[in-house]
Amino acid sequence: VSGWVNGSKDITRETVSDALIPVSNEVSVLMPPEGMAEAMDLVCHTDGMTICQRVLDIARILNDVVLIDTGGRIGPATGSLMRLADETVIVIDDTVLGLTALDLFLNYIKFLVLETERLSFVVNGYSGLLLGVPQIEAELEPAHHLGPRPWRLPPVPVDPRASNWPGSGKTLYSMGQRPTRAALEQIAVELGLISHLDSMSADQKTSGSWWNRLLTKGVDGGES
């Protein structure tokens, strides 16, 4: 990836395939640039828009589903990816400060995504003691007019065991308790990443399925 950014490598189907790190037979991960300079250029420089669009075009040919984690970084490249995405998922918390931040962020993000029906929200670390999804929706909907669709996803509950996943080589899903896994599975169904769990075949539910392998095996300490 650093080679694509600094111009020493062309972006082709072959180089994209070579850069992918397989997690299973069905799932691969494309890691960010190894150098800080290349990473900053990719996200912040306008040339990064062209690089990301070219990689995305090839990734869509090679894969059925492409998931992009922006890591909260906003720049020309990530903004361009949001415009091209079929769905943009925004992770929020259930605090008043988080509500204020989301209000400000929506004023910006709506100009990028344009079609608000491509927005979805996931409340992370929901304890039930602070703001629930209906309360957050009631506060923000009158100002932003998003409709019910972005608020349909279930919150991910507080899970002390799962919170230790960063750097463990595992994933939040594999370390999470049953309510955490159930919430993540429902989110995946709602986003169209997997079929409805009740209708999945026995083969799909085995440990060899791409969904199970994706969620239970991390790469270099990161969540797949």
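Mentor: Buried means under 20% relative accessible area, and exposed means over 50%. Keep that scale at hand. The model here is predicted.

Trainee: Let me apply the scale. Is Leu 81 buried or exposed?

Mentor: Leu 81 has a relative accessible area of 13%, so Leu 81 counts as buried. The residue sits in helix α5.

Trainee: Which residues is Leu 81 in contact with, leaving aside neighbours within four places in sequence?

Mentor: Cys 52, Leu 56 and Ile 68. Take Ile 68 further. Its C-alpha is 8.5 Å from that of Leu 81, across 13 residues of sequence.

Trainee: Step back to the whole chain. How many helices and strands does the protein chain have?

Mentor: The count is 11 helices and 5 strands. Of the 224 residues, 37% are classed as buried.

Trainee: And sequence separation? Among contacts between residues at least 6 apart, what percentage join residues at least 24 apart?

Mentor: That share is 69%.

Trainee: Now helix packing. How are two packed helices described?

Mentor: By two values: the angle between their axes and the distance between the axes. Try α5, residues 76–84, against α6, residues 96–113. Their axes are 8 Å apart, and the angle is about 65 degrees.

Trainee: Which residues in α5 meet which residues in α6?

Mentor: From α5 come Gly 79, Met 82 and Arg 83. From α6 come Ile 109, Phe 111, Leu 112 and Val 113. By class, the contact has 5 nonpolar residues, 1 polar and 1 charged.

Trainee: Arg 118 next. Where is Arg 118 placed?

Mentor: Arg 118 lies in the loop between α6 and β4. Its relative accessibility is 12%, so the residue counts as buried.

Trainee: An arginine side chain has polar atoms to place. Which backbone oxygen does the side chain of Arg 118 reach at 2.6 Å?

Mentor: The one of Val 113. There is also the backbone oxygen of Ala 85, which lies 2.5 Å from a polar atom of the Arg 118 side chain.

Trainee: Which residues is Arg 118 in contact with, leaving aside neighbours within four places in sequence?

Mentor: In the stretch before α6, Arg 118 is in contact with Met 82, Arg 83, Ala 85, Asp 86, Glu 87 and Thr 88. Val 113 and Arg 149 complete the list. Met 82, Arg 83 and Val 113 also take part in the contact of α5 with α6. For spacing, look at Leu 146: 28 residues from Arg 118 in sequence, 9.9 Å C-alpha to C-alpha.

Trainee: Two histidines follow one another in the chain. In which helix is His 144 found?

Mentor: In α7, residues 133–144. His 144 has a relative accessible area of 5%, so this residue is buried. Its side chain makes a polar contact of 2.6 Å with the side chain of Asp 103. Beyond four places in sequence, His 144 is in contact with Asp 103, Leu 106, Asn 107 and Lys 110.

Trainee: And His 145, buried or exposed?

Mentor: His 145 reaches 62% relative accessible area, so the label is exposed. The residue belongs to the loop between α7 and β5. Check its backbone too. Phi is near 55 degrees, a positive value in a residue other than glycine.

Trainee: Last feature, cavities. How is empty space found?

Mentor: A probe the size of a water molecule is rolled over the atoms, and this shows where empty space is left. This structure holds 1 cavity of 30 Å³ or more. Its space is about 30 Å³.

Trainee: Which residues line the largest cavity?

Mentor: Phe 121, Val 122, Val 123, Val 133, Pro 150, Trp 151, Leu 153, Pro 154 and Pro 155. The lining has 9 nonpolar residues, with no polar and no charged ones. Strand β4, residues 119–126, gives the largest share, 3 residues.

Trainee: Pick one lining residue. Where is the place of Pro 154?

Mentor: The loop between α7 and β5 holds Pro 154. Pro 154 has a relative accessible area of 12%, so Pro 154 is buried. Not counting residues up to four places away, Pro 154 touches Val 122, Ala 183, Gln 186 and Ile 187. Val 122 is another of the cavity's lining residues. Finally, Ala 182 is 28 residues from Pro 154 in sequence, with 9.5 Å between the C-alpha atoms.

How values were computed:
Residues numbered from 1 in each chain as written. Predicted model: local features only at pLDDT ≥ 70, side-chain atom pairs only at ≥ 80, totals over all residues. Heavy atoms only, no water. 1 Å grid on protein atoms, 1.4 Å probe; cavity = no way out; pocket = protein on both sides within 12 Å on 5 of 7 lines; lining within 4 Å. Points joined across faces, edges and corners; volume = space filled by probe spheres on them. Helix = DSSP H or I, 4+ residues; strand = E, 2+ residues; numbered from the N terminus. Nonpolar A, V, L, I, M, F, W, Y, C, P; charged D, E, K, R; others polar. Axes fitted to C-alpha atoms, helices over the stretch in contact; angles between N-to-C directions. Contact = heavy atoms within 4.5 Å. Buried < 20%, exposed > 50% of the residue type's maximum accessible area, 1.4 Å probe, protein only. Polar contact = N/O pair within 3.5 Å; in protein donor to acceptor, adjacent residues only side chain to side chain.
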